[in-house]
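This report goes with a protein chain shown as sequence and as 3D structure. Please look at both before reading on.

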Amino acid sequence: MDQRTLTSRRRDKVWLDSQAGDIEAFKALVAQKTRHEDWPLSAGVEKKVLLYDGSAVRDIARDPEARRELMAEWVEAFTTGPGVIVIKNAIADLAVVDRATEVFNAIVKAEKEGGKAAADHFAKPGANDRIWNSLQKHALADPDNFARYYASDAIAMASEAWLGRGYQMTAQMNRVNPGGKAQVPHRDYHLGFMSPEQMQAYPGHIHSVSPLLTLQGAIAHCDMPVESGPTLFLPYSQSFFEGYLAFGRPEFQAVFAESHVQLPLSKGDAVFFNPALMHGAGNNVSDDIWRMANLLQVSSAFGRAMESVDRDAMCKAVYPALLAARTSGALTAAEIENAIAATAEGYAFPTNLDSAPPVGGLAPKTQNTMMAEALEAGMEPEAFAALVETQAAKRRA
């Protein structure tokens, strides 16, 4: 084997192409069956999805050894299994769910009256009602109800099973109203919120790591028959390595359309799934069901830098030097790009999606992009400093 061949093979292994992923291999993967006997702690299987009983989960939670056994089963379900579980009656006291629904409805009403319309990552604005950061807003509006809601063993155990201790909870309430249209089938945060061009900038091992950094979940706030549009899932699709780059291509969307499953849910049920599982909210074709779910996105504690860095201050300090270097030619365009990468925040999240919504894309503009565009336009340092302050204010909750 000559050196060029070895180099090319390594390149193609690490840097995935936009057309990566074999459709026939994908079809074979998602054709797998889910056998109840392989998941002894489950209550059953419906349309390939594993079902668990909330009362049994609460009983198991009191026994440390049994608790770890159940969480181990869930980990395998998320990785090599169907990728999704449903916990029936995850929140036992439905009065707690009903009170949270009242809180969310009041927040939606107040935000609409204030002129705020929340956009969606994967659906047209106006197709539903959404509360960004429902976690914080819920806690501030009704701390007692918040505590009772998140006291759920099901929520805590699913989060700890996938992410370990120290996980970071976030949530967004989503209400798909009668006539609300389906989301585009997708994978989720992190890589799932990027364009194919952006994804290709991340090496293959990051495509493997991304699903391990978050867990997706949802709590049903009303009964959800199929006509109300509960989430569509493609079991086993999370195991397809090239899936982040492939899911948006027509042939993969066609497999989803043909092979997805959809389960009705009852108020108080919870769904948890691997973020790499292809999924999307369904069409609400009902006449009178305002389908509300609190979408949980739980993050690993490890997704943080070691030191706190004031990148706003760094950007304002370094910008005049980069502007001068660009004007004089002291640094090339590539060298300026390198310097920006060490200075500015290169990722759009976390942010405040109320003030910096994903309009026109899946994520707000990054500080890195903003700084590069300002340099390209020759913006004066004082104006750039004001722009940094404006963006910082939008990011704050």
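The text below covers the domains, one histidine and one pair of helices.

The model is predicted. The domain assignment divides the protein chain into two domains, listed here with their residue ranges.

| Domain | Residues |
|---|---|
| domain 1 | 27-299 |
| domain 2 | 311-396 |

Taken over C-alpha atoms, the centres of domain 1 and domain 2 are 34 Å apart.

His207 belongs to helix α10, which covers residues 204-209. Is this residue buried or exposed? The relative accessible area of His207 is 3%, and buried means under 20%, so His207 counts as buried. Leaving aside residues up to four places away in sequence, His207 touches Leu16, Leu191, Met199, Tyr202, Phe241, Tyr244 and Leu245. With Tyr202 there is also a polar contact: the side chain of His207 reaches the backbone oxygen of Tyr202 at 3.3 Å.

Two packed helices are described by the angle between their axes and the distance between the axes. For helix α13 (residues 311-328) and helix α16 (residues 381-395), the angle is about 155° and the axes lie 10 Å apart. Angles over 145 degrees count as roughly antiparallel, and α13 and α16 are therefore roughly antiparallel to each other. Their crossing is right-handed. On the side of α13, the contact is made by Asp312, Cys315, Lys316, Tyr319, Pro320 and Leu323. On the side of α16, Pro381, Phe384, Ala385, Val388, Glu389, Ala392 and Arg395 take part.

Methods
Residues are numbered from 1 along each chain as its sequence is written. This is a predicted model: local features need pLDDT of at least 70, side-chain atom pairs count only at pLDDT 80 or more; totals for chains, interfaces and linings use all residues. Side-chain values use heavy atoms; hydrogens and water are left out. Domain bounds come from an automatic or database domain assignment. Helices (H or I, at least four residues) and strands (E, at least two) are DSSP runs, numbered from the N terminus. Buried means under 20% relative accessible area, exposed over 50%, partly exposed in between (1.4 Å probe, protein chains only). A polar contact is a pair of N or O atoms within 3.5 Å; within protein, one must be able to donate a hydrogen and the other to accept it, and residues adjacent in sequence count only if both atoms are side-chain atoms. Contact means heavy atoms within 4.5 Å. Axes are lines fitted to C-alpha atoms, for helices over the stretch in contact, and angles run from 0 to 180 degrees between N-to-C directions. Angles under 35 degrees count as roughly parallel, over 145 as roughly antiparallel, 65 to 115 as roughly perpendicular and the rest as oblique. A crossing is left-handed if the near helix is turned anticlockwise from the far one by less than a right angle, and right-handed if clockwise.
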